[in-house]
Amino acid sequence: MTASICLQNLTVNFDDRFKLSEIDWSITPDQHWVITGTNGAGKSALGAVLAGAGEIESGTLSGVPGKVGLVSFEAQAELIAQELKKDDADIMDVIAEGTPVREMIFNDCADPDLASELVEKFGLTGLLDRAFRKLSTGETRKMMLIRALSSKPDLLILDEPFDGLDANTLVMLQEHLAAIVDDVPMILVLNRFDEMPAFITHVAYVDKGRLTHTVDRQDETAFNELYQLLHLKTTDLDVPEADPASTLPALDPEQPLVNLKNIRVKYGDDVIIDGLDWTIERGQHWQLSGPNGSGKTCLLSLITGDHPQCYVNDIFVFGFQRGNGESIWQIKQFIGYVSTALQWEYRVSTSCKNVIISGFYDSIGMYTKSTDKQKEIADQWLALLGMSDRADQPFNKLSYGDQRLLLIARAMVKHPPLLILDEPCLGLDDMNRQLVLALIEKICEAKNTTVLYVNHHAEDQIAGIENFLALTKHS
Amino acid sequence: MANYFNTLPLREQLEQLGKCRFMALSEFADGVEALKGKKMVVVGCGAQGLNQGLNLRDSGLDVSYALRPEAIAEKRQSWKNATENGFTVGTYEELIPTADVVLNLTPDKQHTAVVNAVMPLMKEGACLSYSHGFNIVEEGMKIRDDLTVIMVAPKCPGSEVRAEYVRGFGVPTLIAVHEDNDPKGEGLALAKAYAVGTGGHKAGVLMSSFIAEVKSDLMGEQTILCGMLQTGSILCFDKMVEEGIDAGYASKLIQYGWETITEALKYGGVTNMLDRLSNPAKIKAFDLAEELKQIMRPLYNKHQDDIMNGNFSSGMMEDWANDDIKLHTWRAETAETNFEKTPAGDVEISEQEFFDNGILMVAMVKAGVELAFETMTAAGIIAESAYYESLHETPLIANTIARKKLYEMNATISDTAEYGCYLYNHACVPLLADFMKGIKSDVIGKGLSVEDNGVDNARLIEVNTALRSHPVEAVGSVLRGHMADMKKIV
């Protein structure tokens, strides 16, 4: 391959079952890519497009070389389907064996010597005379790999090539691929980062039919973040349980979580909020939006009890009509909270693990001995975030984004009845943002937490949020 | 009014001075119950008044603010502080008669006027709370017999009282009951509930007496806390400039140096502060401190004596009556010192360099802390009180100097502390004149110029033993242990 492959604003339809949308991607001949993403994200489709699959709806695809070697489950299924079609032997009244493996490999083979060598290495020698369709799935896969590798391709696309291979064969295949990297550019579709061969130079990340990230492996930060993202997306995102020993008072199911009536907030003569009514029912996820200065954070702090004027407004929260002898800790026990202000205030020298645990105590820093169970839950959150290795590192030495992730875990750790996320993604890079959004979606799905999400980025929509409150700026 | 302390027989003076006990968290199990549903009216809406009120309200208590009519009519800062935070504000006449507890959080100087105005309005059997005992102990204010009088004194600036509460913690707090005014025997219960309401119980509460608080607080603030750091700043700066060190560097070394070296003090006492030095520097600092202690001991004794016999407070009250003429003159002088007028240079000074090039500053802190502690305990103040009012609070003032230098530091602390600070400084600067003549840049500004860090083993052992066996280290390690238990910031 001598020219670059170029995908420009490419939209491809796959029998109306799936669509790749607006892909922009370029692959130079000296690059070796891994395409990754979650199940169903479209990574196999993207690989297959380069081998001519799908119907281009718009955009352009150029520079694809003539000879593409493709190994994938889809190609395998197609080959098997073709073989089954040949088996129209009922009209001939003979038992058709189908095409033997030898024929499948050596007919039209560009490099028979290599093919023989690979047959040997893959342990298919004894199966050469067997009919192709009698092979097991793994054997079929091996045969396809031999065919592709010995076809002298200009581009090799291997979709999950290591799946189902035993350890020895896997090592052999990896070594073989490593030996030919200078001859042919490769694109591997992989679910797992730890299977990524050393020669891979770039990673493409596909999500919901879109190519969302392309990362140079040299860029360690971006690479690690992508790793975390994939880790999060492909782990079943089991949100760790709440502390079973927690003794949160039961809430009356008949009452709303929050009921604000005729809210007025002003500083001096500046009116911030004037006459707002708002009720948040249990399980009713809300998105709050509005321009800077429209009073979003102010409104939230009336709910959390952080705003001093909560005492002069008609505020009902978690069974308390505010200003009747309740303490803010009785309110905060029902709330998980993250905001930029919290991160700014969270300036204590404590470990990452303690930051998560402090969510059980609604404190900034830890002032109480935590239980073993709480430590265990914090460990699970760290694992979920892909940050287990940083459990004991000081929080204030972490990057802004990592701090933010920990504070989000802190907010979620006790499975609060109300989870308030005030611009949780602010300052996060693209990948961390997706990671956080995925977590929020997961929390929304669960029944026991009501989510109140604040942002002004329209693209950060959360599935499951169906109620919207837009504040406008008071002039 | 007569000095209350001086009216007591020696036996009782000693008993009151000796009161100081670190309370167990379990003693606060009743939380704010004793104050639940009671009306708390704060007089004074400065940093302590506002922030304590915010905490108490957030702990579920009923708090409002009584201000003078002119503060309300003119919408002064105190009025703004209270109303913008959603508190009920009214005049003394409107609010005091409804109060179950009146929290007097005005500056010492206003206490007599405030209490005289408030007391006739207070209802039968109510409680009057102070956060400093000067008015009772030094001015001899006599409170109506039916009223309960307590003290709750958070040992941090108001902003920190609030910030720590919001984090879910609190600041160390001293409480006391004025035994002459505890008609219903509920003083302690109210003081404990108040300390819980401000979050203080989480950081540690000391049960003390009005007398111990006043006599130790005055001694600490005017000697080691403010006085020694002020004198040290002025002398060290002038010496460095005299020695040819860049003035910007000198200014920065001092402004931030106190904070850095006393941070080590906060964590591990005088021992740890000196352990941050190389062995030769440690021995040097030790020797300088011994010399300083010898020179300054009479001054510390004089301050303690004047505090005990009431001369200090009567002198200061004379100045109050004289429109603060002395205070204002001294304040203006502070603004004119070379250190104050020289901004910190744009140079990097590493954390360790503050120690290495500030050996004399380390020696001054050591001498001041130990002298204040020794003088206080010799005068009958119990070691725990003496520790808190000397070593424990030094980093707080050092931190203020780092942020504001001397002039603003003095403006931030109480008038009482400021007056005492100047008194000390005026006596101490000339007292150290001869000593300073022998000081060179090796102990301030440049660091020791030694071939290697070798020292005599026997001498090092002697110095280390002396450091570690000082009584302030013994009580300090116990009290810091309590604090660490509670403030478990791992």
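**Two chains, their domains and two serines**

Biologist: How many Å separate the centres of domain 1 and domain 2 of chain A?

Modeller: 44 Å, taken over C-alpha atoms. Domain 1 of chain A is 5–234, and domain 2 is 258–470. Those bounds come from an automatic or database domain assignment.

Biologist: What should I know about the model and the numbering?

Modeller: This is a predicted model, where local features need pLDDT of at least 70, side-chain atom pairs count only at pLDDT 80 or more, and totals for chains, interfaces and linings use all residues. Residues are numbered from 1 along each chain as its sequence is written, while chains are lettered from A and ligands numbered from 1 in the order in which they are written.

Biologist: What are the scores for the model?

Modeller: ipTM is 0.79 and pTM is 0.75. Chain B averages a pLDDT (the predictor's confidence in each residue, from 0 to 100) of 93, and 98% of its residues score at least 70.

Biologist: Where in chain B does pLDDT stay under 50?

Modeller: Over residues 486–490. Where pLDDT is low, the predicted coordinates should not be read in detail.

Biologist: New topic. How many residues of chain A are in contact with chain B?

Modeller: 23 residues of chain A, with 19 residues of chain B on the other side. Contact means C-beta atoms, placed from the backbone, within 7 Å. The chain A side has ten nonpolar, ten polar and three charged residues. Nonpolar is Ala, Val, Leu, Ile, Met, Phe, Trp, Tyr, Cys and Pro; charged is Asp, Glu, Lys and Arg; the others, Gly among them, are polar.

Biologist: And which domains does chain B have?

Modeller: Domain 1 (20–208) and domain 2 (212–486). Their centres are 32 Å apart over C-alpha atoms. 21 residues of domain 1 are in contact with 19 of domain 2. That side of domain 1 has 13 nonpolar, three polar and five charged residues.

Biologist: Where does UniProt place "binding site"?

Modeller: The unreviewed entry puts it at B:Ser278 and B:Ser414. They are spread in space, up to 37.3 Å between C-alpha atoms. UniProt positions are in the numbering used here, feature names are shortened, and annotations may be inferred rather than shown by experiment.

Biologist: Is B:Ser414 buried or exposed?

Modeller: In between. B:Ser414 has 17 C-beta neighbours inside 10 Å, so it counts as partly exposed. The cut-offs: buried is 20 or more other C-beta atoms, placed from the backbone, within 10 Å, exposed is 12 or fewer, and partly exposed is in between.

Biologist: Which residues is B:Ser414 in contact with?

Modeller: B:Pro107 and B:Asp108, leaving aside neighbours within four places in sequence.

Note on methods
Two residues are in contact if their C-beta atoms, placed from the backbone, lie within 7 Å.
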